[in-house]
Amino acid sequence: MSFRTTATDYVEDVSPGSGALPPRAWYASSDATSLSLNGSWRFRLSATVDAEDDSFAAEGYDAGDWAQVSVPGHWVLQGHGSPIYTNHLYPFPVDPPRVPTENPTGDHVRTFDLPSEWPSDGGAVLRFDGVESCARVWLNGTDIGEFKGSRLPHEFAVGHLLKPSGNVLAVRVHQWSAGSYLEDQDQWWLPGIFRDVTLLHRPAGSALDFFVHASYDHLAGEGTLRVDSDVDGRVLVPALDIDVATGEPVTVPVRPWTAETPRLYDGELVTEGERVPLRIGFRTVALEDGLIKVNGRAILFKGVNRHEWHPEKGRALDLETMREDVLLMKRHNINAVRTSHYPPHPAFLDLCDEYGLWVIDECDLETHGFTEQAWRDNPVDDDRWTPALLDRTARMVERDKNHPSVVIWSLGNEAGTGRGLTAMAEWIRGRDTSRLIHYEGDIDCRDTDMYSRMYADHAEVESIGRGLDGGGLKRRELPFILCEFGHAMGNGPGGIADYQHLFESYDRVQGGFIWEWIDHGIKDERYTFAYGGDFGEELHDGNFVCDGLVFPDRTPSPGLVEYKKVIEPVRIEGDGPAGTVRVRNAYDFADLSELAFEWSYQVDGETVEAGALSVPALAPGESAEVKLPTPPADGRGAETQWTVRAVLAADTAWGPRGHQIAWVQLPVIDGVLTRVVRSDGPVPGEQVITLGPAAFDARTGALRTIGGVDVTGLRLDVWRAPTDNDNGAPWQPDARYGLLWRKLGLHRMQHRLDAVELGDDALTVRTRVAPAAWEVGLRTVYRWTSDGTRLRLTVSVSPEGDWTLPLPRLGIRLGLASSADRVKWFGGGPGEGYPDTKSASMVGRWESTVDELQTPYVRPQENGARADVRWAEIGGLRVEGDPSFWFTARRWTTEQLDAAEHLTDLAPGNTVWVNLDHGQQGIGSQSCGPGALPQYQLRASHAEFSFVLSEIHD
Ligand code: GAL
């Protein structure tokens with residue numbers, strides 16, 4: 001005898017469901033009526049699947065005292081239960097297809113009347129665009145079916161059940177189901193009806209499914225259109241004079257669609273009962289000469305991985321948020337999106353068609369948690385699950401097949417290997433031969449058209465580029481992409497310019513996709529943004545969920561600004577003193593006619609002259625040499641440079657006129673550093689030693705004041721609050737310096753005073769800076785001189801002992817009064833930069849407040865350094881560097897920054913702490929990738945650097 005009710009067996013059934021209509025193209029009809037059922041629904045949460053019976057679905061049931069939730073939405077983000085974040089571990093015991101008895105189940109009810117214009121004839125379809133993870137649906141008391149496949153549409157024929165008024169739609173949603181085993185993506189587990197619910201009238205003779213085949217012959221300049229339709233009709237494209245029957249091909253001269261030139265032709269499919277708008281983009285995707293080609297040309301992906309995310313609504317995105325993503329991507333030179341790791345809301349693909357982005361559309365499939373048991377019982381290698389896999393494949397392909405932006409189908413992510421994946425690939429090949437197939441886990445490329453990897457380091461990418469990576473015959477002949485690289489967790493990713501250099505050097509390497517687009521932080525008053533563990537989850541992966549190029553509120557992080565620079569589609573190089581510039585068009589399809597070029601000339605960072613630069617409308621791949629004008633007369637001793645920019649010549653669909661696309665700075669004359677002619681010598685007093693404008697503690701030699709500026713705590717500093725990339729991930733092979741630094745004690749260095757020496761023209765303070773317990777140390781000598789108004793500090797650092805680790809930073813820190821607020825500097829800006837993240841750091845004159853210098857990483861960590869600073873002014877103090885330095889200022893100490901877990905842990909103190917660094921360790925990408933490359937590491941070796949300090953007299 002069984003104690004389980006069979007009424008809920010579907011939850012743990014491996015089958016995709018029952019009752020739904022076959023998958024088909026997703027479209028919005030021009031003339032058939034539809035009714036959105038989004039809005040406020042009645043809601044009741046139960047702890048288990050069968051805590052409540054299904055009487056709520058009956059007509060006449062009164063749910064008036066239930067809570068209400070917004071649909072689309074996730075109930076856990078609306079005050080019912082809590083979100084859970086795990087990377088790859090299933091938050092329930094692995095015993096497929098069984099799920100826990102504790103299975104939050106949300107009953108949703110909505111009543112509706114048909115609008116008065118709802119036709120009385122024809123049928124109707126009820127469409128769910130996304131429900132996590134399993135739903136059973138009743139309309140007017142009739143059970144119409146159940147389904148799984150969270151980010152895929154499901155439709156039900158309901159015409160026979162509808163009434164003019166008082167319809168009751170009841171949906172029971174289970175958080176966990178057999179489907180959860182297929183949805184182990186690295187993201188929040190967020191149950192609910194999170195995409196639209198729509199009732200579609202289906203007139204007699206309306207379109208069912210149709211497939212727009214629109215190819216482009218780049219040799220002939222012609223497009224061939226054929227629309228296959230389940231229901232016969234005509235295909236109209238007025239701009240091309242096309243009026244043909246469905247199923248009939250027609251070839252005409254067209255302008256092709258590419259991500260750079262997203263030409264869409266408006267058309268219509270007209271069946272007897274319906275008019276369906278078409279947006280047709282002609283393009284041909286092919287694997288040719290071992291390369292991914294579109295319209296006959298190899299393309300280079302400058303991509304990102306995009307999860308759907310909104311800090312308050314989770315994966316329930318509105319159209320404007322989707323548009324914001326696309327516009328931000330286009331404005332940052334991004335040309336491709338991998339829809340990691342599920343098909344996005346279909347409106348997102350409309351936007352990709354319209355604005356132009358290459359899309360890898362990925363199926364809603366990941367079984368990563370099975371890696372913990374050596375992939376035993378992996379559903380993708382178990383025939384019982386194959387129908388579910390094929391159902392997911394078909395729902396993706398059929399829904400999205402008419403989008404020109406989709407150039408590659410991806411079978412899923414991190415699902416191991418198995419027959420199920422092969423079956424998926426075979427199904428796709430039988431249905432759509434016009435696109436290529438991707439799956440990263442298929443290391444031998446049995447089922448795929450490209451070799452794809454994630455997080456391979458630079459050296460390996462180079463060897464793949466050179467064809468030295470081995471692999472089977474098939475793989476060796478395929479192109480390569482990095483479907484994930486540049487892990488944008490916290491500060492970083494570093495080293496992406498070095499990757500881009502490889503992508504542009506080897507034809508086989510066709511680019512990559514940064515992991516990932518957005519931090520999935522949840523807006524939360526307690527923390528600003530919450531991450532894993534903040535909701536009391538028993539099992540979680542902390543802030544690994546915050547690894548995007550934009551912050552949760554979509555503010556670009558420095559990583560996005562860096563990426564924009566690294567992937568700029570126009571390469572400008574040149575010779576400053578010679579006044580020549582070389583411009584190369586690095587687009588794959590567009591010429592440069594949409595761009596205008598400008599030059600400007602800076603003297604000590606200030607622009608003194610600017611003008612237009614005439615650059616021919618180069619074709620892709622072409623370059624031209626352009627002469628700059630005669631430079632303005634040089635200010636003697638000043639540093640001078642050219643800046644050349646490419647900007648949008650006119651407003652485009654995604655960016656305003658003047659929007660910057662690419663730039664370069666070409667130094668002309670180096671600046672001359674301020675000399676401090678030693679004139680004054682240190683004068684001992686009872687309490688203080690004076691030297692020029694400064695006073696020092698007579699006992700310790702510590703600087704106290706420079707003129708009227710009080711200075712505290714000036715000393716050598718090597719510690720930084722480890723970044724996520726410093727800390728690294730356990731599975732990465734490179735040394736995890738964040739942890740090793742702490743073990744060595746670099747966060748608790750002791751400063752031993754050895755001598756305070758008063759010479760004729762210098763005050764010298766000798767120290768040894770070292771951590772407890774070890775023999776390593778840094779002999780550090782501070783040597784102060786003055787010309788009467790300025791002070792010069794030379795710091796020399798000599799490592800002692802066996803230093804096996806790089807240093808986090810090397811420089812001095814000092815404290816100023818909290819009134820120090822405005823900062824001016826001449827150097828890199830406006831944003832932060834580190835040794836391997838400073839491509840976008842532009843040399844100029846910048847201004848900020850101390851608060852604005854901070855980069856608000858969701859988990860606080862080292863941030864905000866400005867690179868290559870020649871001088872900076874803050875709190876009445878001017879600092880000039882010899883050589884230039886890294887400048888950081890914050891209202892808390894590094895130790896406080898290090899201790900903070902959330903932004904709300906950072907409270908301004910009474911001191912502004914300034915770091916003037918001679919060196920910084922590179923950032924790398926080791927939170928899920930390689931560490932900083934050797935050339936960006938800060939080795940502990942002898943160093944000497946100087947600063948000229950003076951009080952500013954306004
Ligand atoms: C990959 C995975 C992504 C994400 C990333 C780390 O292995 O495909 O979904 O988990 O690592 O953030």
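Helices and strands carry numbers from the N terminus and are taken as DSSP runs, with at least four residues for a helix and at least two for a strand. With that naming in hand, select proline 830, which sits in the loop between β54 (822-829) and β55 (842-849), and keep in mind that the whole model is a predicted one.

While proline 830 is on screen, add glycine 829, since a cis peptide bond with omega of about 0 degrees joins glycine 829 and proline 830. Next, move to strand β57 (residues 877-890), where proline 883 lies, and display the bond that leads into this proline from aspartate 882, which is also modelled as cis, with omega near 5 degrees. As background for these two stops and for the asparagine that follows, most peptide bonds are trans, and most residues other than glycine have a negative phi.

Select asparagine 333 now, in the loop between α1 (319-331) and β27 (336-338); the phi of asparagine 333 is near 65 degrees, a positive value in a residue that is not glycine.

The next stop is the ligand. Show the 13 residues around the ligand, and then highlight Asp186, His341, Glu414, Glu484 and His487, which come nearest. Colouring this shell by residue class gives five nonpolar, four polar and four charged residues.

Which side chains should be labelled for their polar atoms beside ligand oxygens? Glutamate 414 places a polar side-chain atom 2.6 Å from an oxygen atom of the ligand, histidine 487 does so at 2.7 Å, and for tryptophan 515 the separation between a polar side-chain atom and a ligand oxygen is 3.0 Å. If you then switch on a surface, the ligand taken alone exposes 310 Å², of which the protein buries 96%.

Widen the selection to residues 690-950, the span that UniProt, in an unreviewed entry, lists as "domain: Beta galactosidase small chain/". The C-alpha atoms at the two ends of this span lie 14 Å apart, and its secondary structure comprises 8% helix and 47% strand.

Finally, colour the protein by confidence, for which the mean pLDDT is 97, with 99% of the residues at 70 or more. Where should the view be read with caution? Select residues 1-5, over which pLDDT stays under 50; for this stretch the model has four contacts beyond four places in sequence.

Methods:
Residues are numbered from 1 along each chain as its sequence is written. This is a predicted model: local features need pLDDT of at least 70, side-chain atom pairs count only at pLDDT 80 or more; totals for chains, interfaces and linings use all residues. Side-chain values use heavy atoms; hydrogens and water are left out. pLDDT is the predictor's confidence in each residue, from 0 to 100. Contact means heavy atoms within 4.5 Å. A residue is near a molecule or strand if one of its heavy atoms lies within 4 Å of it. A polar contact is a pair of N or O atoms within 3.5 Å; within protein, one must be able to donate a hydrogen and the other to accept it, and residues adjacent in sequence count only if both atoms are side-chain atoms. Accessible areas come from the Shrake-Rupley method with a 1.4 Å probe; for residues, only the protein chains shown count as cover. Ala, Val, Leu, Ile, Met, Phe, Trp, Tyr, Cys and Pro count as nonpolar, Asp, Glu, Lys and Arg as charged, and the others, Gly among them, as polar. UniProt positions are given in the numbering used here, feature names are shortened, and annotations may be inferred rather than shown by experiment.
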